[in-house]
Amino acid sequence: LFHPSDDHYGLSPLEAAAAAVDVHNAGGAWAKALLDNAARPSGALVVTAKEGEGRLTDDQYERLKAELSEAHAGPANAGRPMLLEGGLDWKPMALTPADMDFTGARREAAREIALAFGVPPMLLGLPGDNTYANYREANLAFWRHTILPLTRKTAASLTGWLRPWFGADLSVTVEEDRLPSLAEERAARWTQVSAADFLTGDEKRALLGIGGGA
């Protein structure tokens with residue numbers, strides 16, 4: 001695509017979004033490293049030292065592990081209250097805001113990557129983008145502002161490349177009227193032109209791109 005300072009080599013969308021791609025990849029690697037090396041449990045049971053006793057016996061430790069696994073592990077036991085005894089205290093653990101912020105950074109990086117490629121973030125399910133009222137408008141904008149300009153540019157390049165071999169009459173074009181994604185817009189245009197009583201039949205055909213008629 002066009003590069004404002006280097007029109008010979010141009011600029012690809014991936015190069016324009018290189019920094020955002022690096023942020024997104026680094027965020028994924030950071031999250032995996034967090035889970036592999038520094039993932040934290042939801043909490044810890046701490047033995048309160050009393051009269052010189054600050055640890056459980058082996059039997060007490062194994063019994064506590066078995067009770068936790070049986071009564072509090074798994075989705076069926078989520079939220080079940082815990083009964084503590086003998087100087088045990090529950091200390092909840094959680095990720096700090098800095099630890100959890102990588103999800104927001106990755107979403108913003110994904111949004112920048114999508115915009116660099118001309119894809120409305122709404123089509124990818126990315127939150128925080130209210131440019132379009134609904135999915136249908138975003139999809140239509142994607143076709144009109146990204147896909148069709150690229151296909152027209154490609155068709156024009158193919159035309160210039162093939163004409164020396166197949167003659168000056170060759171023309172590679174995009175049959176936009178056969179695209180299902182533009183059917184609703186096309187039907188609205190036909191209805192609007194058909195209702196224009198001040199236009200002749202030939203003028204209507206010309207506006208619709210189907211040539212003149214008798």
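**Exercise 1. In which helix does Thr146 lie? Place the residue and list its contacts.**

This is a predicted model: local features need pLDDT of at least 70, side-chain atom pairs count only at pLDDT 80 or more, and totals for chains, interfaces and linings use all residues. Residues are numbered from 1 along each chain as its sequence is written, and side-chain values use heavy atoms, with hydrogens and water left out.

Solution.
- Step 1: find the element. Thr146 lies in helix H6. Helices are DSSP runs of H or I with at least four residues, strands are E runs of at least two, and both are numbered from the N terminus.
- Step 2: judge burial. The relative accessible area of Thr146 is 10%, so Thr146 is buried. Buried means under 20% relative accessible area, exposed means over 50%, and partly exposed is in between (1.4 Å probe, protein chains only).
- Step 3: list contacts, meaning heavy atoms within 4.5 Å. Leaving out residues up to four places away in sequence, Thr146 touches Phe117, Gly118 and Ala141.

**Exercise 2. Compare Thr154 and Thr159 in H6.**

Solution.
- Step 1: take Thr154. This residue lies in helix H6. Its relative accessibility is 46%, so Thr154 counts as partly exposed.
- Step 2: look across the sequence. Thr154 and Val172 are 18 residues apart in sequence, and their C-alpha atoms are 9.0 Å apart in space.
- Step 3: take Thr159. Helix H6 holds Thr159 too. With a relative accessible area of 7%, Thr159 is buried.
- Step 4: list its partners. Beyond four places in sequence, Thr159 touches Leu170, Ser171 and Val172.

**Exercise 3. Describe helix H6 from end to end.**

Solution.
- Step 1: start at the N-terminal end. Asn134 caps H6 there, with a side-chain oxygen 3.2 Å from the backbone nitrogen of Arg136.
- Step 2: find the bend. H6 bends by about 35° at Trp143. The bend is the angle between axes fitted to the seven residues ending at a residue and the seven starting there.
- Step 3: pick out buried residues. Among them are Phe142, Trp143, Leu148 and Ala155.
- Step 4: pass the end. Just after H6, Gly167 takes a positive phi of about 100°.

**Exercise 4. Which residues make up the largest nonpolar core?**

Solution.
- Step 1: set the rule. A nonpolar core is a set of buried Ala, Val, Leu, Ile, Met, Phe, Trp, Tyr and Cys residues joined through side-chain atoms within 4.5 Å.
- Step 2: name the members. The largest core has six residues: Ala114, Val119, Met122, Leu123, Ala138 and Phe142.
- Step 3: follow one of them. Not counting residues up to four places away in sequence, Ala138 touches Pro120, Met122, Leu123 and Tyr132.

**Exercise 5. Find and classify the aromatic pair.**

Solution.
- Step 1: search. The whole structure yields one aromatic pair. The ring centres of Trp161 and Trp165 are 5.8 Å apart and the planes meet at 55°, so the pair is tilted.
- Step 2: check the rule. Rings of Phe, Tyr and Trp (its six-membered ring) pair if their centres lie within 6.5 Å; planes under 30 degrees apart count as stacked, over 60 as edge-to-face and the rest as tilted.
- Step 3: relate the partners. Trp161 and Trp165 are four residues apart in helix H6 (residues 135-166), so about one helical turn separates them.
- Step 4: check exposure. Trp161 and Trp165 are both exposed.

**Exercise 6. Where is confidence lowest and highest in the protein chain?**

Solution.
- Step 1: recall the scale. pLDDT is the predictor's confidence in each residue, from 0 to 100.
- Step 2: compare helices. The lowest mean is 60, in helix H4 (residues 97-100), and the highest is 89, in H6.

Note on methods
Polar contact = N/O pair within 3.5 Å; in protein donor to acceptor, adjacent residues only side chain to side chain.
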